[in-house]
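Trainee: Could we walk through this structure together, one question at a time?
Mentor: Happy to! Let's have it in front of us.

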Amino acid sequence: MNDQPTPFDSDDVELTALFRRSREEEVWTEPANAASMIWWRAQAADLVAGEIRRKEGLIRPLTAARDVAAVAALAAVELAIFQGGAVLLDSFPDFGKALASAGLTPLTAAILALAIPPTLALLHHFRRVADDF
Amino acid sequence: MDEPEFEELYRDTSQRLRTYLYRVCGERRLVEDLVQEAYYRFLRSGFSGETREHAARYLFRIATNLLKDHWSDLKRSPELPVEEPPERPSHHDSPQERIDVHAALGALGGRDREMLWLAYAEGYSHDEIAGILGLKEKSVRVLLFRAKNRMLRVLKELS
């Protein structure tokens with residue numbers, strides 16, 4: 001390393017002058033309409049984003065209604081399965097015994113039966129998502 | 001911000017932003033891409049700062065983040081390639097003017113280059129640099145002091 005004193009011995013003023021000069025030396029040429037092109041690109045993106053937001057706003061109530069209908073349909077199917085199971089056990093007492101001999105309590109059998117609709121719904125959803133890809 | 005206002009801001013700041021990015025990354029083509037993207041994101045952000053200098057600092061911040069993202073995508077350390085020798089006027093014959101700042105910065109890390117340029121070329125305060133680089137002011141004070149010492153060592157060697 002050079003131990004001789006230089007103009008850069010911890011002198012902020014020298015450093016500033018050096019950097020400023022380096023900044024002034026750099027000259028960039030660019031198309032005359034560069035700013036305008038960026039401006040219109042941003043405007044176009046804003047318009048597209050605004051339109052997407054507007055369309056999302058329009059379909060949001062429909063999406064919400066669809067979700068509510070799906071939950072209601074699922075609840076109805078679950079209730080039907082529950083009631084059907086109860087009727088089955090009342091009408092065919094041997095059915096309960098058959099379940100017990102298979103190692104299933106009526107509660108376990110009911111839970112399994114109730115799990116079927118949401119499982120099928122999820123499988124259907126995943127298949128649709130996979131198809132989209 | 002309307003179009004004439006943006007064009008005025010672009011005229012006032014684009015040269016400074018380009019030079020900053022070039023001194024930090026050293027690739028002219030990349031600089032062009034980053035500058036365009038920085039102004040585009042600036043417009044999309046709906047920035048409503050009080051002064052022109054406010055807007056300039058925000059642009060420097062966006063550009064710095066874009067450069068960090070670029071380096072992070074490449075998964076490589078930010079070296080400073082020298083694409084072409086910088087033009088030095090022949091009448092500059094004092095030791096300071098013989099120094100090639102671009103080459104000197106090339107011996108330093110990316111963070112050092114950013115800080116030194118913002119501090120000494122742009123004249124930003126510690127607080128302003130902290131805002132641009134997303135650091136705490138105290139950290140900037142310490143990091144800038146170290147960067148300056150490293151730069152001085154390199155300058156001594158070069159001179």
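Mentor: A quick definition before we start: helices are DSSP runs of H or I with at least four residues, strands are runs of E with at least two, and both are numbered from the N terminus. Keep in mind, too, that this is a predicted model.

Trainee: How many helices and strands does the secondary structure of chain B come to?
Mentor: From the N terminus on, the elements of chain B run α-α-α-α-α-α-α-α. Counting helices and strands for that chain gives eight helices and zero strands.

Trainee: Which face-forming residues of α2(B) are buried?
Mentor: Helix α2(B) covers residues 28-44, and its 17 residues reach 24 Å from first C-alpha to last, close to the 24 Å expected at 1.5 Å a residue. Seen down the helix axis, the buried residues fall within an arc of 130°, so they line one face of α2(B). Their cover includes α2 (34-91) of chain A, together with α1 (3-25) and α3 (52-74) of chain B. The buried residues are B:V31, B:L34, B:V35, B:A38, B:Y39 and B:F42.

Trainee: Which residue with a positive phi follows α2(B)?
Mentor: Look just past the helix, where phi is near 70°. The residue there is B:G46.

Trainee: Is α3(B) parallel or oblique to α7(B)?
Mentor: The axes of α3(B) and α7(B), residues 126-133, come within 8 Å and cross at roughly 45°. Angles under 35 degrees would count as roughly parallel. The crossing therefore makes α3(B) oblique to α7(B).

Trainee: How do the residues of the contact of α3(B) with α7(B) divide?
Mentor: From α3(B) come B:R57, B:F60, B:R61 and B:T64. From α7(B) come B:E128, B:G131, B:I132 and B:L133. Sorted by type, the residues of this contact are three nonpolar, two polar and three charged.

Trainee: Is B:L135 buried or partly exposed?
Mentor: B:L135 sits in the loop between α7 and α8 (137-158) of chain B. Leaving aside neighbours within four places in sequence, B:L135 is in contact with B:A130 and B:V140. Being buried takes 20 or more other C-beta atoms within 10 Å. B:L135 has 18 C-beta neighbours inside 10 Å, so it counts as partly exposed.

Trainee: And over in chain A, how many residues of α3(A) are buried?
Mentor: Helix α3(A) spans residues 93-101 and is followed by A:G103, whose phi is positive, near 85°. This helix lies largely in the open, because the number buried among its nine residues is zero.

How values were computed: Residues numbered from 1 in each chain as written. Chains lettered and ligands numbered in written order. Predicted model: local features only at pLDDT ≥ 70, side-chain atom pairs only at ≥ 80, totals over all residues. Expected span 1.5 Å × (residues − 1). Buried ≥ 20, exposed ≤ 12 C-beta atoms within 10 Å, placed from the backbone. Arc of directions from axis to C-beta. Contact = placed C-beta atoms within 7 Å. Axes fitted to C-alpha atoms, helices over the stretch in contact; angles between N-to-C directions. Parallel < 35°, antiparallel > 145°, perpendicular 65-115°, else oblique. Nonpolar A, V, L, I, M, F, W, Y, C, P; charged D, E, K, R; others polar.
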